[in-house]
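Welcome, and thanks for taking a look at this one with me. Please have the sequence and the coordinates open side by side as you read.

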Amino acid sequence: MRAAGLAVAVCLLSAAVLAGPTVAGFVVTSHRTADVVTAPDDRAYLGVAVPDRTLANGRHAAVPLATVTNRFPGPLTSVTVRVRDADPRPPRLLSAPTWTGSLAVGERVTVPADVVCGGGGGPHDATETWTVDVAAESPDVAVTVTRRVAVTCEPPAPRGPPDRAGGPPATPGRGRP
Amino acid sequence: MRAAGRALALVALVAVASLTAGTGAFSTVAADRPAAVVVASDLDGAVVGLTPGEGPTGAFATDADGDGTLALELAGDASGVPGAGPNARAVTTLRRVFAITNRGAAPVGVWVTDDGADAVRFLATADGRSLESRANARTLRPGDRLAVTVVVDATDVPPARTLCSRVTVHADAAAGGGA
């Protein structure tokens, strides 16, 4: 009988101890592992590729300037990609390309731009650095990225090989048939 | 008498077993009564619950080890996340990554700290206010759940740089009287 009473007492004591922190007056400090490491654009949550471009003299339509990939765990409901060119000299954008849309997980978009090289009295082999702004959002995610892309205009190719037949030199400005 | 003794031994064993169950979740517990040690899973048993967020970003908070403790994983090992980490030289905001729940019977103040520099910040998802430092403790009444946003400000940080390796969630009943 005494043993049974003792058993009940032990049970009551255990219950009281287990219930302890559910009443007032406690401090809990929970240390948890975290692994937060930055990633390069080609593997990061927001994939951004802005390869440098070298273009021949002339006008170029739909030059792919930036590719954006969604590597987050959920869809991006609003993505805006904007390319800016602050210098009016060649190479220059014929219009400021902007793309706005959404990207599912794993989906990517390439933003093209119309570019002109040469003309305007500037040097033909000029290089400019343009700015690419990417802003992506969803109810759970927001990220902003600014990158630079170098665009170079190549000098014009030589007009043709020199005349090896020994004839008279070609008249400048006329070209060959 | 022998039967009673066996019964007593059995009850004592059960009591001891119940007191030692679920070790591994809280690293330290201080209470205002002797030997008030309660250790349980973050996910379902602890007085202060830590659980993954309810949206897609909950994938960044995992119990990959299966030991009942939550871990913040923003480095490419999170299941269901195609990317390898937050972009270098960018600002990434991840809302509702994990939640803190008061499963106790009294209000408690909670806040979050980490061992990194200012590059990683913790905010309350509902209002965007900081949760860092005791001065920013948020009161959770019994049953309240607080969604946490993680901001990675890597504006001047190159790739492959570790920004944070430990997060600490503090809960203090004495800090639970405020807003």
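A salt bridge here is a side-chain nitrogen of Lys or Arg within 4 Å of a carboxyl oxygen of Asp or Glu. With that criterion, a search of the whole structure finds 11 salt bridges over all chains.

Some ground rules will help. This is a predicted model, in which local features need pLDDT of at least 70 and side-chain atom pairs count only at pLDDT 80 or more, while totals for chains, interfaces and linings use all residues. Residues are numbered from 1 along each chain as its sequence is written, chains are lettered from A and ligands numbered from 1 in the order in which they are written, and side-chain values use heavy atoms, with hydrogens and water left out.

## Salt bridges in chain B

Three of the pairs are set out below.

| Pair | Closest N to O distance |
|---|---|
| B:Glu54 and B:Arg145 | 3.7 Å |
| B:Asp127 and B:Arg129 | 3.9 Å |
| B:Asp127 and B:Arg138 | 3.2 Å |

What does the salt bridge between B:Glu54 and B:Arg145 tie together? B:Glu54 lies in the loop between strand S2 (48-52) and strand S3 (61-62) of chain B, and B:Arg145 lies in strand S9 (residues 145-153) of chain B, so the pair ties together parts that are 91 residues apart in sequence. Strands are DSSP runs of E with at least two residues, and helices are runs of H or I with at least four, numbered from the N terminus.

For accessibility, buried means under 20% relative accessible area, exposed means over 50%, and partly exposed is in between (1.4 Å probe, protein chains only). By this scale B:Glu54 is exposed at 63%, whereas B:Arg145 is partly exposed at 39%.

The other two pairs in the table share B:Asp127. Together, B:Asp127, B:Arg129 and B:Arg138 are linked in a network of salt bridges. Is B:Arg138 buried or exposed? B:Arg138 is buried, with a relative accessible area of 11%. B:Asp127 is partly exposed at 40%, and B:Arg129 is exposed at 52%. The bridge between B:Asp127 and B:Arg138 links distant parts of the chain: B:Asp127 sits in the loop between strand S7 (120-124) and strand S8 (138-140) of chain B, and B:Arg138 sits in strand S8 of chain B, 11 residues apart. As general background, side chains of opposite charge can pair when their charged atoms come close.

## Around B:Asp153

B:Asp153 lies in strand S9 of chain B and is partly exposed, with a relative accessible area of 27%. Which residues is B:Asp153 in contact with, leaving aside its neighbours within four places in sequence? Taking contact as heavy atoms within 4.5 Å, they are B:Ala90, B:Val91, B:Ala119 and B:Arg121. B:Val91 is 62 residues from B:Asp153 in sequence, and their C-alpha atoms are 4.5 Å apart in space.

The side chains of B:Asp153 and B:Thr155 are joined by a polar contact of 2.4 Å. A polar contact is a pair of N or O atoms within 3.5 Å; within protein, one must be able to donate a hydrogen and the other to accept it, and residues adjacent in sequence count only if both atoms are side-chain atoms.

## Strand pairing in chain A

Two strands pair if DSSP finds at least two bridges between them. Strand S4 (residues 58-70) of chain A pairs in the antiparallel sense with strand S2 (residues 46-49) of chain A over four bridges. S4(A) also pairs in the antiparallel sense with strand S8 (residues 108-117) of chain A, over nine bridges. In the pairing with S2, A:Ala49 has A:Thr67 as its bridge partner in S4(A); towards S8(A), the bridge partner of A:Val68 is A:Val109.

A:Thr67 belongs to strand S4 of chain A, and its side chain makes a polar contact of 2.9 Å with that of A:Thr110. Leaving aside neighbours within four places in sequence, A:Thr67 is in contact with residues including A:Gly47, A:Ala49, A:Arg108 and A:Val109.

## Backbone points to check

A cis peptide bond joins A:Pro90 and A:Pro91, with omega about -5°. A:Pro91 lies in the loop between strand S5 (76-84) and strand S6 (92-93) of chain A.

A:Ala62 has phi near 55°, a positive value in a residue other than glycine. A:Ala62 lies in strand S4 of chain A and is partly exposed at 46%. B:Ala160 has a positive phi near 60°, is found in the loop between S9 and strand S10 (162-172) of chain B, and is exposed at 62%.
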